[in-house]
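The following questions and answers go through a single protein chain, from its overall build to particular side chains. Please keep the sequence and the coordinates open while reading.

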Amino acid sequence: MNSIKVLDFIRKKGRITKAELAEETKLTFAAISNIINDLIKNGMIKECGEGLSSGGRKPILYELNSEALYVMGIDITVDEKVRFGLFTFNTVLVSELCLDSPIIKGPDEYIEIIKKGIRELIEQEGIDYQKIVGIGVSIPGPINSITGEVISPPNLPLWRQVPLKEILEKELQIPIKIEKDANLSALGEKWFGAGREAENLVYLFVGEGIGSGVILNGTLINNKGFGIGEIGHCTIDSFGPLCNCGNYGCLELKASGLAVVKKVKEGLQQGYKTSYHYPAIEQISFSNILEAIDSKDPFTIEVVEEAANYLGIGLTNVINYFNPDMIIIGGKLPEKYEKMIELSASIARNRAIEVFQKDLSIIPGSLKEKSTIMGAAALILEDIFRN
């Protein structure tokens, strides 16, 4: 445990001396010396020069040996690529790989792609398979992150009670952790991105649907393995339509990419004019919406801004429930139309409890499509260093 503690301080601080480690960890200098010797012998750390002298001999500096161990992050998506990332033990992304999602969206097909991607990434980097100490996997929820079971993702209908952690550990002989995608985006932003300075943050993913992840006191919150809840399914219109979750008037029905698709279809059926050449109404997809925003189509942008107003109401609930230091908004819709964040933040600041807004930041995510694989890697490292 003390060795892990020392490794964590070296990871966080970079180059550090024995005396600094003793002060940081509250261990004796002799204990630190023994741990340092063992870690060097095992190849986990290395000497990296000399520090400043306070009068005597210059102290030796130590840092992690970045090639000693690796972790991997994998992001399973429905319609896009399966993304892989290989990270050093000191959290540097050294290599990425993307493979096409399978045509048949079943667990067996995805597992074959996962095995192929891991094999290709290892061969690409020429590393020893035994140096990978864990793999974090991001997948749409709901899942049980304690057991690693994928319960019943709405957009993956062939996945029902799939023990993904158990299957992958048997196939790969590597420790596996499974977590829902929005939670890992939150963790990725906390470790590597816009949320590094925030102890309490809420991440909202606004894509075709709306996902959320909550970090309180620096820790990703889980309740019985199922996260802290789904902000996308809080009610903002008690007379609204039925959602696939069984509730009525959910935020996701008003502010998500699919909500925008539905609203655009309705508008076109009613005769609204558009400068973007949409396909036949029944064929309009979320990707068409993103293209229409790119083309600055006034009608589409008006619909997106209406969605931003509803998102602002959802943000109000987030602020009043959690009183976070920071709300990070990511996903393809706000990334494509950045004004969406500004508009929703303005609505929230007019509605939320004033004292909760004093030190609050509402900002875009910085990692974009990499947030999930980086969060998946952080999940493994956090498990090692904290537990």
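Helices (H or I, at least four residues) and strands (E, at least two) are DSSP runs, numbered from the N terminus. This is a predicted model, in which local features need pLDDT of at least 70 and side-chain atom pairs count only at pLDDT 80 or more, while totals for chains, interfaces and linings use all residues. Residues are numbered from 1 along each chain as its sequence is written, and side-chain values use heavy atoms, with hydrogens and water left out.

Q: In which helix is the place of proline 298, and is this residue buried or exposed?
A: Proline 298 belongs to helix H10, which covers residues 298-322. The classes rest on relative accessible area, where buried means under 20%, exposed over 50% and partly exposed in between (1.4 Å probe, protein chains only). Because its relative accessible area is 56%, proline 298 in that helix counts as exposed.

Q: What distance separates the C-alpha atoms of proline 298 and threonine 274?
A: Proline 298 and threonine 274 are 24 residues apart along the chain. In space, the separation of their C-alpha atoms comes to 7.1 Å.

Q: How many helices and strands does the chain have, and what is its radius of gyration?
A: The secondary structure comes to 13 helices and 14 strands, and the C-alpha trace spans about 80 × 50 × 40 Å along its principal axes. The radius of gyration is taken over C-alpha atoms, and the globule rule is 2.2 Å times the number of residues to the power 0.38. For 387 residues a compact globule would have a value near 21 Å, which agrees with that of the chain, 23 Å.

Q: Among contacts in the chain between residues at least 6 apart in sequence, what percentage join residues at least 24 apart?
A: Contact here means heavy atoms within 4.5 Å. As background, buried residues make up 51% of the 387 residues in the chain. Of the contacts between residues at least 6 apart in sequence, the share that joins residues at least 24 apart is 60%.

Q: Which helices do the buried residues of H9 pack against?
A: Helix H9 takes in residues 286-294, and its buried residues are Phe286, Asn288, Ile289, Leu290, Ala292 and Ile293. After H9 comes lysine 296, whose phi is positive, near 60°. The buried residues of H9 pack against helix H8 (257-269), H10 and helix H11 (332-336).

Q: With which side chain does the side chain of serine 95 make a polar contact?
A: Serine 95 lies in strand S5, residues 93-100, and counts as buried because its relative accessible area is 6%. Leaving aside neighbours within four places in sequence, serine 95 is in contact with Phe84, Gly85, Leu86, Leu121, Gln124 and Glu125. A polar contact is a pair of N or O atoms within 3.5 Å; within protein, one must be able to donate a hydrogen and the other to accept it, and residues adjacent in sequence count only if both atoms are side-chain atoms. At 3.1 Å, the partner of the serine 95 side chain is the side chain of glutamate 125.

Q: Which side chain meets that of lysine 370 in a salt bridge?
A: A salt bridge is a side-chain nitrogen of Lys or Arg within 4 Å of a carboxyl oxygen of Asp or Glu, and by this rule the count comes to 14 salt bridges. Lysine 370 lies in the loop between strand S14 (361-364) and helix H13 (371-386), and its partner in strand S5 is 274 residues apart from it, so that the pair links distant parts of the chain. Lysine 370 counts as partly exposed at 27% relative accessibility, and its partner counts as partly exposed at 28%. The N to O distance is 3.1 Å, and the partner is glutamate 96.

Q: In which helix do lysine 115 and glutamate 112 both lie?
A: The side chains of lysine 115 and glutamate 112 meet in a salt bridge (3.1 Å, N to O), and glutamate 112 counts as partly exposed at 47% relative accessibility. The two residues are three residues apart, about one turn of the helix, and that helix, covering residues 107-125, is H4.

Q: How far apart are the closest N and O atoms of lysine 254 and aspartate 237?
A: Lysine 254 is partly exposed, with a relative accessible area of 22%, and aspartate 237 is partly exposed as well, at 21%. These two residues form a salt bridge, and their closest N and O atoms are apart by 3.6 Å.
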